[in-house]
Amino acid sequence: MDKKSVKKYIYWGLFIVFVAGSIATGSPFNFIDMIVVRPIVNILFVIFNLVHDFGLAIIIFTVIVKTILYPLYIKQTKSMAAMSTVQPKMQEIQRKYANDQQMMNQKLAELYKEEHFNPMGGCLPMIIQMPIIMGLFALLRNPMQYITDENMLFAVNESFLWIMD
């Protein structure tokens, strides 16, 4: 391994440790808090000012997010379906070249190219969705930490439709 690769691994390792540490400690400089939760709060604030109901604002926000992420969901579903058709061929290659790892990887790469299949196609859309889900969870878990508008603070504790707080 050359020096450039080692530096890259150290950089990404430290980055992951920083992100995991900031998530675990719940510090004010929390990565998820800065990047995801604050924009979600701002969007919810705009929606709340339009509808004047916190529960309805969350529902509208959810519909907006699902609409925006729908193309990623479709791509993920198509990739999973393609994986089920490619899976038997992959298993055959893995059995055939079980002792020769390099040849197996080469044959799998050829299979992916031949089938126009990306093995990460099912995971990548989920990775994009996860910060939004985690940010919304953090906001709904402790809304008082993020909401500064007085009207929204009172709205958080109001009932929604027939459900009492």
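## Helices, a loop residue and two salt bridges

Trainee: In the loop between helix 4 and helix 5 we find His116. Is His116 buried or exposed?

Mentor: This is a predicted model, and the statement on His116 is computed from its atoms, with a relative accessibility of 77%. Since a residue counts as exposed over 50%, and the value for His116 is 77%, His116 is exposed.

Trainee: What is the phi of His116, which is not a glycine?

Mentor: His116 follows helix 4, and it lies in the loop that leads on to helix 5. Although His116 is not a glycine, its phi is positive, at about 55 degrees.

Trainee: Which residue in the loop between helix 2 and helix 3 has a positive phi although it is not a glycine?

Mentor: The loop between helix 2 and helix 3 holds a residue that is exposed, with a relative accessible area of 58%. Its phi is positive, about 55 degrees, and the residue is His52.

Trainee: How many helices does the protein chain have?

Mentor: From the N terminus on, the elements run α-α-α-α-α-α-α, and there are zero strands. The number of helices is therefore seven.

Trainee: Among contacts between residues at least 6 apart in sequence, what percentage joins residues at least 24 apart?

Mentor: The protein chain has 165 residues, of which 27% are buried, and its accessible surface comes to about 12,100 Å², with 66% belonging to carbon and sulfur atoms. For the contacts between residues at least 6 apart in sequence, the part that joins residues at least 24 apart is 56%.

Trainee: Helix 4 covers residues 101-115; what length does it reach from its first C-alpha to its last?

Mentor: Helix 4 has 15 residues, and at 1.5 Å a residue the expected span is 21 Å. The span in the model is close to that expectation, and from the first C-alpha to the last it is 21 Å.

Trainee: Which helix do the buried residues of helix 4 pack against?

Mentor: The buried residues of helix 4 are Met104, Leu108, Leu111 and Tyr112. They cover an arc of only 100 degrees around the axis, so they are on the same side of helix 4. On the other side of helix 4, Gln102, Lys113 and Glu114 are exposed. The buried residues, for their part, pack against residues 54-96, which is helix 3.

Trainee: A search of the whole structure finds two salt bridges; which residue's side chain meets that of Lys89 in a salt bridge?

Mentor: The N to O distance of this salt bridge is 2.6 Å, and its partners are Lys89 and Glu115. The pair links distant parts of the chain, with Lys89 in helix 3 and its partner in helix 4, 26 residues apart. Lys89 is partly exposed at 36%, and at 28% so is its partner, Glu115.

Trainee: Why are Glu110 and Lys107 separated by about one helical turn?

Mentor: The side chains of Glu110 and Lys107 meet in a salt bridge with an N to O distance of 3.9 Å. Glu110 is partly exposed at 38% relative accessibility, and Lys107 is partly exposed at 27%. The two are separated by about one helical turn because they are three residues apart in helix 4.

Trainee: What separation do the C-alpha atoms of Arg38 and Leu136 have?

Mentor: Arg38 has its place in helix 2, residues 31-51, and at 36% relative accessibility it counts as partly exposed. Leaving aside residues up to four places away in sequence, Arg38 touches Asp33, Gln145 and Tyr146. Arg38 and Leu136 are 98 residues apart along the chain, while their C-alpha atoms are separated by 10.0 Å.

Trainee: What accessible area do Met126, Met130, Ile133 and Met134 have together?

Mentor: Met134, one of the four, lies in helix 5, residues 124-141. At 33% relative accessibility Met134 counts as partly exposed, and this passes the 30% that membership of a patch requires. The four residues form a nonpolar patch on the surface, and their accessible area together is about 320 Å².

Methods:
Residues numbered from 1 in each chain as written. Predicted model: local features only at pLDDT ≥ 70, side-chain atom pairs only at ≥ 80, totals over all residues. Heavy atoms only, no water. Patch = residues over 30% accessible without salt bridge, like charges linked within 9 Å, V, L, I, M, F, W, Y side chains within 5 Å. Areas by Shrake-Rupley, 256 points an atom, 1.4 Å probe, with all protein chains shown as cover. Buried < 20%, exposed > 50% of the residue type's maximum accessible area, 1.4 Å probe, protein only. Expected span 1.5 Å × (residues − 1). Arc of directions from axis to C-beta. Contact = heavy atoms within 4.5 Å.
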